[in-house]
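User: Let's go through this one together, question by question. Please give me the reasoning first and the value or name last.

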Amino acid sequence: MPYTLVELPAGIALFKVDESGNPKLKALHKFKGTVEALEITTQLVNGELAKPLSKFLKKNFVQKGLTDDLAVADAKLGKAIKDKFEINCIHGDETLQYFRAIKANLDSLIEDQLSTEQLNQTSLGLAHNLNRYKLKFSADKIDQM
């Protein structure tokens, strides 16, 4: 069964999904702050392989000699990972069940690493910053509505 790479508001997580479809947390990279979270998330949104994600995969997947497939949510990110590390990445309809199982049980899967309150706070902060990045907000512009 595959490993699953999940982007969280507070970090990047690697889960192993067993035969019965139950995910188990294998590794978590917590973002150091809002700046790092925004930086990495914007690169992920653009389908780019961020340096901290690259180090995370190298340490927790490549150096451990894992040969299983890696489920990713984005095809562009999967291609970037495959090009750099030669990890077989899967995405699309076949991986939706893994992501659903993780999202449904996320609080219990990462409770040792992050509290629900921390996850909610980082989610809100990252959402605001990411929207500002996407809108390319400028305080110098004048609203003429």
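User: Which residues is Asn60 in contact with, leaving aside its neighbours within four places in sequence?

Analyst: Quick caveat first: this is a predicted model, where local features need pLDDT of at least 70 and side-chain atom pairs count only at pLDDT 80 or more, while totals for chains, interfaces and linings use all residues. Residues are numbered from 1 along each chain as its sequence is written, and side-chain values use heavy atoms, with hydrogens and water left out. Asn60 sits in helix α2, residues 51-62 (helices are DSSP runs of H or I, at least four residues, and strands are runs of E, at least two, numbered from the N terminus). Taking contact as heavy atoms within 4.5 Å, and skipping those sequence neighbours, Asn60 touches Leu14, Ala27 and Leu66.

User: Is Asn60 buried or exposed?

Analyst: The cut-offs are under 20% relative accessible area for buried, over 50% for exposed, and partly exposed in between (1.4 Å probe, protein chains only). Asn60 has a relative accessible area of 11%, so it counts as buried.

User: How many aromatic pairs turn up in the whole structure, and which residues form them?

Analyst: Rings of Phe, Tyr and Trp (its six-membered ring) pair if their centres lie within 6.5 Å; planes under 30 degrees apart are stacked, over 60 edge-to-face, and the rest tilted. A search of the whole structure gives one aromatic pair. It is edge-to-face, at 5.5 Å centre to centre with 80° between the planes, and the partners are Tyr3 and Phe61.

User: How many residues apart in sequence are the parts that this pair ties together?

Analyst: Both Tyr3 and Phe61 are buried. Tyr3 belongs to strand β1 and Phe61 to helix α2, so the pair ties together parts separated in sequence by 58 residues.

User: Which residue forms a salt bridge with Asp68?

Analyst: A salt bridge here is a side-chain nitrogen of Lys or Arg within 4 Å of a carboxyl oxygen of Asp or Glu, and the structure holds two. For Asp68, the closest N and O atoms are 2.5 Å apart. The pair links distant parts of the chain, 52 residues apart: Asp68 is in the loop between α2 and β4 (70-71), and its partner is in strand β2 (residues 11-17). That partner is Lys16.

User: And which residue meets Lys79 in a salt bridge?

Analyst: The N to O distance is 3.0 Å. The two residues are four apart in helix α3 (residues 75-85), so about one helical turn separates them. Both are exposed, and the partner of Lys79 is Asp83.

User: What is the strand order in the sheet?

Analyst: Two strands pair if DSSP finds at least two bridges between them. The edge strands, each pairing on one side only, are β3 (23-30) and β5 (89-90). The sheet is open, has five strands and shows mixed pairing, in the order β3-β2-β1-β4-β5.

User: How many bridges join β2 to β3?

Analyst: On the other side, β1 and β2 run antiparallel with six bridges; Tyr3 stands opposite Lys16 there, and Val6 opposite Ala13. β2 and β3 form a hairpin with five residues between them, and Gly21 in the turn has a positive phi of about 90°. In β3, His29 is the bridge partner of Ile12. These two strands also run antiparallel, and the bridge count is seven.

User: Which residues of β2 point the opposite way from Gly11, Ala13, Phe15 and Val17?

Analyst: In a regular strand the side chains alternate between the two faces of the sheet. β2 is mostly covered, with seven of its seven residues buried. Opposite Gly11, Ala13, Phe15 and Val17 point Ile12, Leu14 and Lys16.

User: How far apart in space are Met1 and Glu19?

Analyst: Met1 is in the segment before β1 (3-8), and is partly exposed at 38% relative accessible area. Beyond its sequence neighbours within four places, Met1 has contacts including Lys16, Glu19, Asp68 and Tyr98. Met1 and Glu19 are 18 residues apart in sequence, yet C-alpha to C-alpha the distance is 6.2 Å.

User: What is the phi of Glu86 near?

Analyst: Glu86 lies in the loop between α3 and β5, and with a relative accessible area of 71% it is exposed. Its phi is positive, in a residue other than glycine, and is near 60°.
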